[in-house]
Amino acid sequence: MDHGVLAAHSRSAPDRLLAVLGAFDHTHPALCLTDISRRAGLTLSTAHRLVAALTEWGALERDPSGTYHVGLRLWEVAALAPRGLALRQVALPFLEDLYEATHENVQLAVRDGSEVVYTEWLSGRSAVGVHIRVGARWPLHVTGVGLALLAHSSSESQETYCAGTLASYTAHTITDPVRLRRVLAEVRRTGVAVSSRQVTEDALSVAAPVRGPGGAVVAAVSVVVPHADAQVPVLAPAVRLAARGISRALGWQPEGRRE
């Protein structure tokens with residue numbers, strides 16, 4: 001028995017099930033059984049048994065060609081997440097208002113560890129192209145929403161992040177921890193985060209934090225525009241207004257107005 005098989009056998013049953021689900025991602029939304037086995041690091045017989053159980057429960061679906069896809073049962077479960085569809089439903093009217101005011105890409109995102117996860121995205125017909133879709137992930141420091149979320153996290157969380165590797169995507173990506181700390185301080189001071197050409201050379205995003213009932217930042221909203229045409233002083237108030245509206249709808253009350 002080789003080391004790979006031994007490692008697979010040493011994993012717990014939940015770990016093996018999660019490995020099967022983890023084999024699927026945005027670049028691999030459809031997989032045959034052999035691909036699932038390889039990507040999950042499992043023997044073919046183990047993968048077959050787990051895939052059969054997940055398919056019976058509805059977590060996976062098998063099409064006529066024998067290819068597997070993520071099943072609707074997972075969507076039903078995911079819909080219960082308070083930072084998922086529940087947040088999206090509250091935020092959507094304000095996101096639509098922001099879209100109507102700008103006709104540019106509008107996004108809603110939450111933090112998951114060192115990454116930002118996009119939970120909603122409204123695309124402008126003539127808007128700048130972005131590498132974003134619902135469920136997509138990016139490092140916190142390269143996006144407007146990520147900067148807004150990181151800036152309003154604890155000091156310990158910020159220091160841990162700044163001490164880590166800061167991935168680079170363009171010549172404008174922030175890779176210096178000293179500069180990142182200055183940017184985060186500016187986000188807290190102004191109430192908005194601006195990410196300019198950090199992911200692509202042609203895009204700029206303006207983001208603002210969304211607060212929950214207790215005042216903690218739970219999400220961020222942003223608008224993404226072509227860098228060449230960006231008017232941050234015009235966009236910032238609109239983004240702040242949308243974030244404030246979502247926050248109020250979630251139950252947040254500004255200081256001085258709480259009953």
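## Leu180 and its surroundings

Is Leu180 buried or exposed? In this predicted model, Leu180 has a relative accessible area of 0%, so it is buried; the cut-off for that label is anything under 20%. You'll find Leu180 in helix 9, which spans residues 177-190.

So what does Leu180 touch, once its neighbours within four places in sequence are set aside? The contacts are His141, Leu147, Leu150, Tyr161, Cys162, Leu166 and Ile174. Take Leu166 from that list: 14 residues separate Leu166 from Leu180 along the sequence, and their C-alpha atoms sit 9.5 Å apart.

## The whole chain

Zooming out, the protein chain has 259 residues, and 43% of them count as buried. Its secondary structure adds up to ten helices and nine strands. About 13,600 Å² of the chain is exposed, with carbon and sulfur atoms supplying 55% of that area.

How much of the contact map joins residues at least 24 apart? If you take contacts between residues at least 6 apart in sequence, the share is 53%.

## The six-strand sheet

Six strands make an open, antiparallel sheet, and the order across it is 6-5-4-9-8-7. Strand 6 (137-139) and strand 7 (193-196) are the edge strands; each has a single partner, so one side of each has no neighbour in the sheet. From one strand to the next, the twist averages 30°.

At the strand 7 end, four bridges tie strand 7 to strand 8, and the two run antiparallel. One residue to look up there is Val194, whose bridge partner in strand 8 is Val206. Helix 7 (residues 144-151) packs on this sheet, where it touches strand 4, strand 5, strand 7, strand 8 and strand 9. The direction of helix 7 makes about 150° with that of strand 9.

## Two nonpolar cores

Nonpolar side chains in soluble globular proteins tend to be buried together. Here the largest nonpolar core has 26 residues, and the members touching the most others are Leu95, Val106, Val206, Val221, Val223 and Val239. Which elements supply at least two residues each to this core? They are helix 6 (85-102), strand 4 (105-112), strand 5 (115-122), strand 8 (203-211), strand 9 (217-226) and helix 10 (232-249).

Val239 is a handy place to see the packing. Leaving out residues up to four places away in sequence, Val239 touches Leu98, Val206, Ala207, Ala208, Val221, Ser222 and Val223. There's also a second, separate core of 25 residues, with Trp138, Leu140, Ala148 and Cys162 among them.

## Helix 3 and what covers it

Helix 3 covers residues 33-40, and its buried residues are Leu33, Ile36, Ser37 and Ala40. Why do these buried residues end up on the same side of helix 3? Because they cover an arc of only 100° around the axis. On the face turned away from that buried side, helix 3 carries the exposed residues Thr34 and Arg38.

The cover over the buried residues of helix 3 includes helix 2 (13-22), strand 1 (30-31), helix 4 (44-57) and strand 3 (68-70). Right after helix 3 comes Gly41, which has a positive phi near 70°.

## The three-strand sheet

Strand 1 and strand 3 also show up in an open sheet of three strands, ordered 1-3-2 with antiparallel pairing. Strand 1 and strand 2 (60-62) are at the edges with a single partner strand each, so one side of each is left without a neighbour in the sheet.

Two bridges hook strand 1 up to strand 3 in an antiparallel arrangement. To find this pairing on screen, start at Leu31: its bridge partner in strand 3 is Tyr68.

## Backbone spots to check

Most residues other than glycine have a negative phi. His103 isn't a glycine, yet its phi is positive at about 55°. His103 belongs to the loop between helix 6 and strand 4, and at 39% relative accessibility it counts as partly exposed.

Arg197 is another non-glycine residue with a positive phi, near 55°. Arg197 sits in the loop between strand 7 and strand 8. With a relative accessibility of 23%, Arg197 counts as partly exposed.

Technical notes:
Residues are numbered from 1 along each chain as its sequence is written. This is a predicted model: local features need pLDDT of at least 70, side-chain atom pairs count only at pLDDT 80 or more; totals for chains, interfaces and linings use all residues. Side-chain values use heavy atoms; hydrogens and water are left out. Buried means under 20% relative accessible area, exposed over 50%, partly exposed in between (1.4 Å probe, protein chains only). The arc is that of the directions from the helix axis to the C-beta atoms. Contact means heavy atoms within 4.5 Å. A nonpolar core is a set of buried Ala, Val, Leu, Ile, Met, Phe, Trp, Tyr and Cys residues joined through side-chain atoms within 4.5 Å. Two strands pair if DSSP finds at least two bridges between them. Axes are lines fitted to C-alpha atoms, for helices over the stretch in contact, and angles run from 0 to 180 degrees between N-to-C directions. Accessible areas come from the Shrake-Rupley method with a 1.4 Å probe; for residues, only the protein chains shown count as cover.
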